[in-house]
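Hi,

Here is the structure I promised to pass on. Have a look at it first, and then read my notes below.

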Amino acid sequence: MQFYLDGYRPGDPFVQQPHPSVAGRTAELPETTDVLVVGSGPAGLLLAAQLAQFPELRTVVVDRRDGPLAVGQADGVACRTVEVFETLGLANRLVHEGYRVNEVTFWRSGDDGIVRTGRIDDVEEGLSEMPHVIVNQARMLSYLRDHMRRSATRAEPCYGKHVTDVEVDPDPAAEYPVTVTLQHMKDFEPTGETSTIRARYVVGCDGSRSATRQSMGLELRGEAADQSWGVLDVLATTDFPDIRLKSAIHSEHGSILIIPREGGYLVRLYIELDNDRDGEMLRDRTVTPEKLTAVANRILHPYTIDVKHVGWWTVYEIGQRLCDRFDDNPDNPRVFIAGDACHTHSAKAGQGMNVSIADAWNLGWKLATVLRGTSRPEILRTYSTERQAVAQRLIDFDREFTTLFSGRDEESERFPQYFREQGRFTAGVSVQYGPSSLTASSSRQELATGFPLGMRFHSAPVVRLADAKPMHLGHAARADGAWRLYAFADPAHPAAANSRLRAFARSVDVLAARFTPAGADPDSVLDFRAILQQGHRSVTVADLPPALLPHKGTFGLTDYEKVFCPDPAADVFDLRGVDRAQGCVVVVRPDQYVAHVLPLDAPGELAEFLEGVLVAQVISEGVESGG
């Protein structure tokens, strides 16, 4: 991670200097804000943490709770979510603290109780450099709040505020068109006090009973599955041998999903409740941790579990529900919803928090760059289109997953195969956005077959040229709203006159001048990076074109971290199917999804694509055209 760009100062380098606007702020709600985020759950805080990367923007987060979440709720962190946290510099905390899910075992009824019938890897080899981990949701939220406090915005959620009304001024010239009325709360009860705040944009991340969604006239459509599950986070002793492995158990007495938790001792049990055998306590609402433990012992026979301490528990009913759209106006959206506010489903597949975070990740950079004036406002229309399609796939997956997980005989036999087949989806890496202004409808995909259009940029090992550091290519990207231009070089030496990379670098200089605001760093909108075919000892930084050695910051310091070479043990050109003879440029959106694949000698096509997304700051001449 880079720091000290604008001068050395002692202390923690990851605590940014406060933005000048922070000095005049108070704990009171402001009259106006750029973005109002409603809800401080995973979607709301991920969105706020991303927007905190842009100190010139004002973001306010409100929540009806009295304070931060302390325990419980979601715990599974998919590989893709860990990749997202890496862009905020938080992945190491997740991986270090969390339980790493390595393998999954499957159990079914045998002659005398349950027997193990299978065991597989949780994540297929090479799917991501990041693991699937288990971390308490409250801890993840604390990471995001810490990140916000350390940012130049010094942002903090404002608790005890409940949205009661959202009104949008139809006047397109209104500077703050959304007016939100907030009811002040204490212990979830109204205090009688209210306040209003006006915003340029509002994002409702306020759960399945979302007041933001209701104000938009939208509703969750779907139905309950007449199936209830209990959840227990416990410290316990047991003779069940796979208690520290993720285990899916089907017996004639019901089903359990065992999720080991962080710390080596805690474990989560998802316990199926039978409408006949357990119907009385469900109808009478007399479920207790002791009763859930009794059901668990019934299912686990001949094994037993003795619960010593309950950290958290709940009961929920399975249902799949979805909104038709995720914004208030398909032409000029000003209010958005994310997470449980627009899709709900079962918890067992571990998708709720991860898909909610992905919603916010998709929207955050779009809001930030539109507000900064570097992206066209029209890109905000793509949020609902892209994420509603993902949510629909999630609903379809969840319906099948829960049916097979709770099924009997043939259905339960199919579950391990279905689990394996859906591994890419549950890891969060199978999302593919369709053609739009942000994702090209056609490209030279054959130039880089391992970087499919519309899918997340799949990182690979490389060696950084300047300091010979082995690293992952994708980890060079931060949550800063910049588009990445990854130029995979042709075989020519980068200093050679016939180098296609060198010629492409000259066109990048022109494009950067066109789309970068005056006074901003040259890579703040278009972040140009190169991957050479030569080993890192065969090239020096003196061989590089100027565009790959940009001067930045107060002192015009040189950024030496733009160029990479193949890792001798795992060549990125081979791993990702890059055409060595021609090379190519892989255009990647700020949320790390591949937008275009083009030849190095087609800067005209690149310019045409970017003009549909970015706002020209300076009209420049001389962009080369090419096929």
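In this predicted model, helix H8 (residues 352-372) packs with helix H9 (residues 382-406) at an angle of about 170°, and their axes are 10 Å apart. Anything over 145 degrees counts as roughly antiparallel, so that is how H8 and H9 run relative to each other.

Which residues make the contact? On the H8 side there are Val355, Ala358, Asp359, Asn362, Leu363 and Lys366, and they meet Thr382, Tyr383, Glu386, Arg387 and Leu394 in H9. Sorted by class, the contact of H8 with H9 has five nonpolar, four charged and two polar residues.

One residue in there that I'd click on is Arg387, which lies in H9. Is Arg387 buried or exposed? Its relative accessibility is 1%, so Arg387 counts as buried. The side chain of Arg387 is joined to that of Asp359 by a polar contact of 2.7 Å. Leaving out residues up to four places away in sequence, Arg387 touches Val355, Ala358, Asp359 and Asn362, plus Phe326 and Tyr433.

Now for the aromatics. How many aromatic pairs does a search of the whole structure find? The count is 24. Among them is a tilted pair, Phe326 with Tyr383, at 6.3 Å centre to centre and 50° between the planes. Phe326 sits in the loop between strand S16 (305-322) and strand S17 (335-337), while Tyr383 is in H9, so this pair ties together parts that are 57 residues apart in sequence. Phe326 and Tyr383 are both buried.

Another one to pull up is Trp483 with Phe609, an edge-to-face pair at 6.1 Å centre to centre with 75° between the planes. This pair links distant parts of the chain: Trp483 is in strand S21 (residues 483-488) and Phe609 in helix H14 (residues 603-611), 126 residues apart. With a relative accessibility of 1%, Trp483 counts as buried. Phe609 comes out at 12%, and the cut-off for buried is under 20%, so Phe609 counts as buried too.

Last item: there is an aromatic cluster made up of Phe106, Phe397, Phe401, Phe415, Tyr418, Phe419 and Phe425.

To recap, the spots I'd open in the viewer are the H8 and H9 contact, the Arg387 and Asp359 side chains, the Phe326 and Tyr383 pair, the Trp483 and Phe609 pair and that cluster with Phe106 in it.

Cheers

Technical notes. Residues numbered from 1 in each chain as written. Predicted model: local features only at pLDDT ≥ 70, side-chain atom pairs only at ≥ 80, totals over all residues. Heavy atoms only, no water. Axes fitted to C-alpha atoms, helices over the stretch in contact; angles between N-to-C directions. Helix = DSSP H or I, 4+ residues; strand = E, 2+ residues; numbered from the N terminus. Parallel < 35°, antiparallel > 145°, perpendicular 65-115°, else oblique. Contact = heavy atoms within 4.5 Å. Nonpolar A, V, L, I, M, F, W, Y, C, P; charged D, E, K, R; others polar. Buried < 20%, exposed > 50% of the residue type's maximum accessible area, 1.4 Å probe, protein only. Polar contact = N/O pair within 3.5 Å; in protein donor to acceptor, adjacent residues only side chain to side chain. Phe/Tyr/Trp six-rings, centres within 6.5 Å; stacked < 30°, edge-to-face > 60°.
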